[in-house]
Amino acid sequence: MPTSPTGNRRPGEAGLSLIELVIVLALIGILGVVALPRVATTLDQDRLNYTARRVVGAVRLPRSEAITRGEKVNLDFDLRFGLIRLSGPEGWSKKIRIEEPARIDTVLVRHKGEKRTKNKGRLEFRPDGRVSEAAVYLRDGEKRLTLHVEPLTGRVEVLEGVVRYAFGR
């Protein structure tokens, strides 16, 4: 492109001036400042939802195993180590690790005469498809989800926030 002897563009030629470039960069910066908190919030929610999906999957598997094998299957939660362990009477087992920062905060299980412990919980799956009623509380920072396990169907309902149940008292 031809230039004038001083190296500047000739009047009327296309190009950006310094002020136009500064305005465009300022607009991009403002959009970044507005969008960044939303992206961070979305990422936090995604981590919590990912953990919820893993726990829901962990609850579905032993129910299916109990029905298929025709025998009781247990699902044990060890909150200190972030582990979920499936086990059956023949000695088989499978472990699932829940990764930080999203974690299982509390597991409340409705059993007759069972002692409640802070760091452990056990769901029992029967061959007829029934399961111990339970509430699993997940946390990632300030964000929380409650997973409610239905006793007759084994269905897991994911609820926003902390939902209190009468059997948790």
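How many bridges pair strand 1 and strand 2, and in which sense? I looked this up before anything else, and I found five bridges in the antiparallel sense. A note to self before going on: this is a predicted model.

**Entry: the overall layout**

I went through the secondary structure and found one helix and eight strands in the protein chain. Read along the sequence, the pattern is α-β-β-β-β-β-β-β-β, so the helix leads and the strands follow. The chain has 169 residues, and 33% of them count as buried. I also looked up the accessible surface, which comes to about 11100 Å²; carbon and sulfur atoms hold 56% of that area. For contacts between residues at least 6 apart in sequence, I noted that 52% join residues at least 24 apart.

**Entry: the sheet with strands 1 and 2**

Back to the opening pair. Strands 1 and 2 belong to an open sheet of four strands, in the order 3-2-1-5, with antiparallel pairing. Strand 3 (93-97) and strand 5 are the edge strands, each pairing on one side only. From one strand to the next, I get an average twist of 15°. For a landmark, I picked asparagine 74, which stands opposite serine 87 in strand 2.

**Entry: the other sheet**

Next I turned to the open sheet with the order 4-6-7-8, which has four strands and antiparallel pairing. Why do strand 4 and strand 8 each have one side without a neighbour in the sheet? Strand 4 (103-109) and strand 8 (156-160) stand at the edges and have a single partner strand each, so one side of each is left open in the sheet. Neighbouring strands here are turned by 20° against each other on average, direction ignored.

Inside this sheet I followed strand 6 (residues 134-140) and strand 7 (residues 143-149), which pair over seven bridges in the antiparallel sense. Aspartate 140 lies in strand 6 and stands opposite lysine 143 in strand 7. Is aspartate 140 buried or exposed? Its relative accessibility is 6%, so I put aspartate 140 down as buried, the cut-off being under 20%. I then checked its side chain and found a polar contact of 3.0 Å with the side chain of arginine 47.

**Entry: the nonpolar core**

In soluble globular proteins, nonpolar side chains tend to be buried together. With that in mind, I looked up the largest nonpolar core and found 30 residues in it. Val55, Phe77, Ile84, Ile104, Leu123 and Leu138 touch the most other members. Which elements each supply at least two residues of this core? My list reads helix 1, strand 1 (73-78), strand 2 (83-87), strand 4, strand 5 (120-125), strand 6 and strand 7. Helix 1 gives the most, with seven residues.

I took isoleucine 84 as a sample and left aside its neighbours within four places in sequence. Its contacts include Val55 and Ala58, then Leu75, Asp76 and Phe77. Lys94, Lys95, Ile96, Ile98 and Ile104 are also in contact with isoleucine 84.

**Entry: a look at helix 1**

My last stop was tyrosine 50, found in helix 1 (residues 18-69). At 44% relative accessibility, tyrosine 50 counts as partly exposed, because that class runs between 20% and 50%. I also checked tyrosine 50 against isoleucine 98, 48 residues apart along the chain. Their C-alpha atoms are separated by 9.8 Å.

Technical notes:
Residues are numbered from 1 along each chain as its sequence is written. This is a predicted model: local features need pLDDT of at least 70, side-chain atom pairs count only at pLDDT 80 or more; totals for chains, interfaces and linings use all residues. Side-chain values use heavy atoms; hydrogens and water are left out. Two strands pair if DSSP finds at least two bridges between them. Axes are lines fitted to C-alpha atoms, for helices over the stretch in contact, and angles run from 0 to 180 degrees between N-to-C directions. Buried means under 20% relative accessible area, exposed over 50%, partly exposed in between (1.4 Å probe, protein chains only). A polar contact is a pair of N or O atoms within 3.5 Å; within protein, one must be able to donate a hydrogen and the other to accept it, and residues adjacent in sequence count only if both atoms are side-chain atoms. Contact means heavy atoms within 4.5 Å. Accessible areas come from the Shrake-Rupley method with a 1.4 Å probe; for residues, only the protein chains shown count as cover. A nonpolar core is a set of buried Ala, Val, Leu, Ile, Met, Phe, Trp, Tyr and Cys residues joined through side-chain atoms within 4.5 Å.
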